[in-house]
Amino acid sequence: LPACRDSKLFIKDLHFDEVPVRIYLPRVPSASKRRGVIFFHGGCGMFGSIRCYERICRYIARKSDSVVVSVGYRLCPEYKYPAQTLDCLTATVHFLKTAENYGVDPGRIIVCGDSAGGTFTATVCQELVNRRDIPKIRAQVLIYPFLQALNFNLPSHQKNAFTAFLSRERAVHFILKYLSKDCSMKEAVLAGSHVPESMNLKYSKWINPELIPEIFKVGYKPPLPTSFLPQVHEETKELLKTRLSPLLAEDAVVCRLPDTCIITCQHDVLRDEGLLYKQRLEDNNVKVTWYHVEEGFH
């Protein structure tokens, strides 16, 4: 669908290296180069579109007087994982290289996304930490992001297991669908049977209910031990790669990430992933702004 008309914005549909984008440029001339915002929409990599997020992107562009680029990455199942992440990466690199063509200061570009868009944001920032041929991303904004598929028994998973819109079971169902995996493995993944003990031990320093502040652990009960299922692990290994689980990235990567804003919601199965990433970033001396929506849900 074409963009809506807006009295305060020029809105154009373009392609950044074959990736469709919609760009929102403030109409009022600016004495200096503006800030840039790259936006990745949510939807588990399967739903959503530029058009669905039209109002949000127009709002961000108007309120922050920034040039906003909304990325229309390809969706699965028509386009298999990781096409979605690669499209986001391609569009980001293109904009960083060409920002001045749109009146944007290349040193003042942030990447932003909600839900799966938050996953793409975290992944893109991690994959670009070693690039020296393009400007550095100034900051990342993660809005109730999905950040790990190692443990689906954190306090927020228990507390919000049956919350409307995104239940614990539905979250795992969508992830398996996104990866084109057999959804009959859902119960095994929910129980944690897809993770070998060695990996649980390795990552317990980063993903552990003990790291969640006590205020968020009211009523939490540690899950019963489960058996490791090698066949499920073999089928779902992508779940434990940093491209899908950026919370598992090594400190050498995390310490080089840009300033970060994390937004979490109280009634959200993914709440604790945002809290754990906040802790990891702070432990690696990355500046973090955290905003918690007490009455919010996914």
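This report describes the domains, the two largest pockets and one buried residue of a predicted model.

## Basis of the model

The model is predicted, with local features requiring pLDDT of at least 70 and side-chain atom pairs counted only at pLDDT 80 or more, whereas totals for chains, interfaces and linings use all residues. Residues are numbered from 1 along each chain as its sequence is written, and side-chain values use heavy atoms, with hydrogens and water left out.

## Domains and their interface

The protein is divided into domain 1 (9–143) and domain 2 (155–240), with bounds that come from an automatic or database domain assignment. Taken over C-alpha atoms, the centres of the two domains are separated by 30 Å.

Contact (heavy atoms within 4.5 Å) links 10 residues of domain 1 with six residues of domain 2. The area buried between the domains, that is, the accessible area (1.4 Å probe) that two parts lose on being put together, summed over both, is about 680 Å², and carbon and sulfur atoms give 71% of this area. On the side of domain 1, Cys44, Met46 and Tyr81 lose the most area to domain 2, together accounting for 63% of what that side buries.

## The largest pocket

A pocket is here an open set of points on a 1 Å grid over the protein atoms alone, where a 1.4 Å probe fits, with protein on both sides within 12 Å along at least five of seven lines; lining residues have an atom within 4 Å of a point. The largest pocket holds about 630 Å³ of space, a volume being the space filled by probe spheres set on the points, which are joined across faces, edges and corners. Its lining comprises 28 residues, of which Asn151, Asn153, Ala191, Asn200 and Pro223 are the closest to the centre.

Helix H6 (186–191) and helix H7 (197–203), both DSSP runs (H or I, at least four residues; strands are E, at least two) numbered from the N terminus, each supply at least two residues of this lining. By class, the lining of the largest pocket has 16 nonpolar residues (Ala, Val, Leu, Ile, Met, Phe, Trp, Tyr, Cys and Pro), 10 polar and two charged (Asp, Glu, Lys and Arg), where polar covers the others, Gly among them.

## The second largest pocket

The second largest pocket, with about 240 Å³ of space, is lined by 15 residues, and Gly42, Gly43, Cys44, Phe47 and Phe165 are the closest to its centre. Because domain 1 and domain 2 both give residues to the lining, this pocket lies between them.

## A buried serine

Ser70, found in strand E4 (residues 67–71), counts as buried because its relative accessibility is 0%, the class being set at under 20% relative accessible area, with exposed over 50% and partly exposed in between (1.4 Å probe, protein chains only). Not counting residues up to four places away in sequence, Ser70 touches Pro20, Val21, Arg22, Tyr24, Phe39, Ile50 and Cys57.
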